[in-house]
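Please look through the model below before reading on; the paragraphs that follow move from one residue to the sheet and then outward to the rest of the chain.

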Amino acid sequence: MLDSLPDQFHALVIGASGTIGAAFVALLRASPRCASVRELHRHSLPPLDFAYEDSVAEAARQCAAGPRLHLIINAAGMLHTPAFMPEKRLADLNTAQMQATFTANVFGPALLLRHFVPLLDSERAVMAMLSAKVGSIGDNRLGGWYSYRASKAALNMMVKTAAIELARNQKNCVLVALHPGTVNSHLSQPFRGDAIGRPAHDAASDMLRVLDALTPADSGSFRSYNGDQLPW
């Protein structure tokens, strides 16, 4: 697994307390080629909470004291909370829900790009932001889910724009937006995720295989868990 990375590579999983994040951590810990896996989330040490910009900067500062990172995966995201579900109609739109969704899916990941990209190894490194196919503007045929769709589309633009900058000064790094598919998780359960979703272990395995095959020429792309390139 991840043969394209150096032997005894170092990895970081953000959002590691979630279903998919935990699956990534388990797979990486089981790999004899992986020297270390660091986990960050709201209750880790140090804590990383997208609602607090300083916590992202401080987590990066502490990680910078360790080895250069060959793999960073951001598995954190928000679709719904106990307070709200995805909007079905324009009449459902409200500022509080949009702000919460964009903080989790855009602002926080953008801060990760700012503070963690400098920690990537210069020889070979991959950074993946978990996005969603429903964030594809070109593939939007059903409508609805306003905040979530818009936030993932904005995340995709952040990834694409940052990848252009990385290509200038970190030419061996790959930055991608990655669609995990429907996974049996807390995020998907209200939408029959437990019935139609794949186990998180399988989804994480698929995504690691996709990341392993990417080259710097693929940086800035939007990929599915099966390796397909998705429309913006």
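Is Ala100 buried, partly exposed or exposed? In this predicted model, Ala100 has a relative accessible area of 25% and is therefore partly exposed, since the buried class ends at 20% and the exposed class begins over 50%. Ala100 has its place in helix 3, where it touches Met78 and Phe84, if residues up to four places away in sequence are not counted. Gly18, by contrast, stands 82 residues from Ala100 in sequence, and the two C-alpha atoms are 17 Å apart in space.

The sheet comes next. It is an open sheet of six strands with parallel pairing, in the order 2-1-3-4-5-6. Strand 2 (34-40) and strand 6 (222-224) form its edges, each pairing on one side only, and from one strand to the next the twist averages 20 degrees. Helix 3, which covers residues 95-116, packs on this sheet and touches strand 1 (9-14), strand 2, strand 3, strand 4 and strand 5 (173-179), while its direction makes about 165 degrees with that of strand 4.

Within the sheet, strand 3 (residues 71-74) and strand 4 (residues 125-130) are paired in the parallel sense over four bridges. Ile73 has Ala128 of strand 4 as its bridge partner, and Asn74 stands opposite Met129 in that strand. In a regular strand the side chains alternate between the two faces of the sheet. Strand 4 can be read in this way, with Ala125, Met127 and Met129 on one side and Val126, Ala128 and Leu130 on the other, and both of its faces are covered, as all of these residues are buried. The count for strand 4 is accordingly six buried residues of six.

Strand 5 contributes His179, which counts as buried because its relative accessibility is 13%, and buried means under 20%. The side chain of His179 reaches the backbone nitrogen of Lys133 at 3.1 Å. Beyond four places in sequence, the residues that His179 touches include Ser131, Ala132 and Lys133, as well as Met207, Phe222, Arg223, Ser224, Tyr225 and Leu230.

Helix 1 brings us to the early part of the chain. Its twelve residues, 19-30, reach 17 Å from the first C-alpha to the last, close to the 16 Å expected at 1.5 Å a residue. Ile20, Gly21, Ala23, Phe24, Val25, Leu27 and Leu28 are the buried residues of helix 1, and they pack against strand 1, strand 2, strand 3, strand 4 and helix 6 (200-213). An unreviewed UniProt entry places the feature "transmembrane region" at residues 12-30; in the model, the chain over residues 12-30 is 63% helix and 16% strand, with its end C-alpha atoms 14 Å apart.

Some details of the backbone remain. Most residues other than glycine have a negative phi, and most peptide bonds are trans. Leu45 and Pro46, however, are joined by a cis peptide bond with omega of about 0 degrees, and Pro46 is found in the loop between strand 2 and helix 2 (53-63). Gln8, in the segment before strand 1, has a positive phi of about 65 degrees although it is not a glycine, and its relative accessibility of 37% makes it partly exposed. Trp145 lies in the loop between strand 4 and helix 4 (146-169); Trp145 is not a glycine either, yet has a positive phi of about 55 degrees, and at 25% relative accessibility it counts as partly exposed.

Definitions and conventions: Residues numbered from 1 in each chain as written. Predicted model: local features only at pLDDT ≥ 70, side-chain atom pairs only at ≥ 80, totals over all residues. Heavy atoms only, no water. Pairing = 2+ DSSP bridges. Helix = DSSP H or I, 4+ residues; strand = E, 2+ residues; numbered from the N terminus. Axes fitted to C-alpha atoms, helices over the stretch in contact; angles between N-to-C directions. Contact = heavy atoms within 4.5 Å. Buried < 20%, exposed > 50% of the residue type's maximum accessible area, 1.4 Å probe, protein only. Polar contact = N/O pair within 3.5 Å; in protein donor to acceptor, adjacent residues only side chain to side chain. UniProt positions renumbered as here; feature names shortened; annotations may be inferred. Expected span 1.5 Å × (residues − 1).
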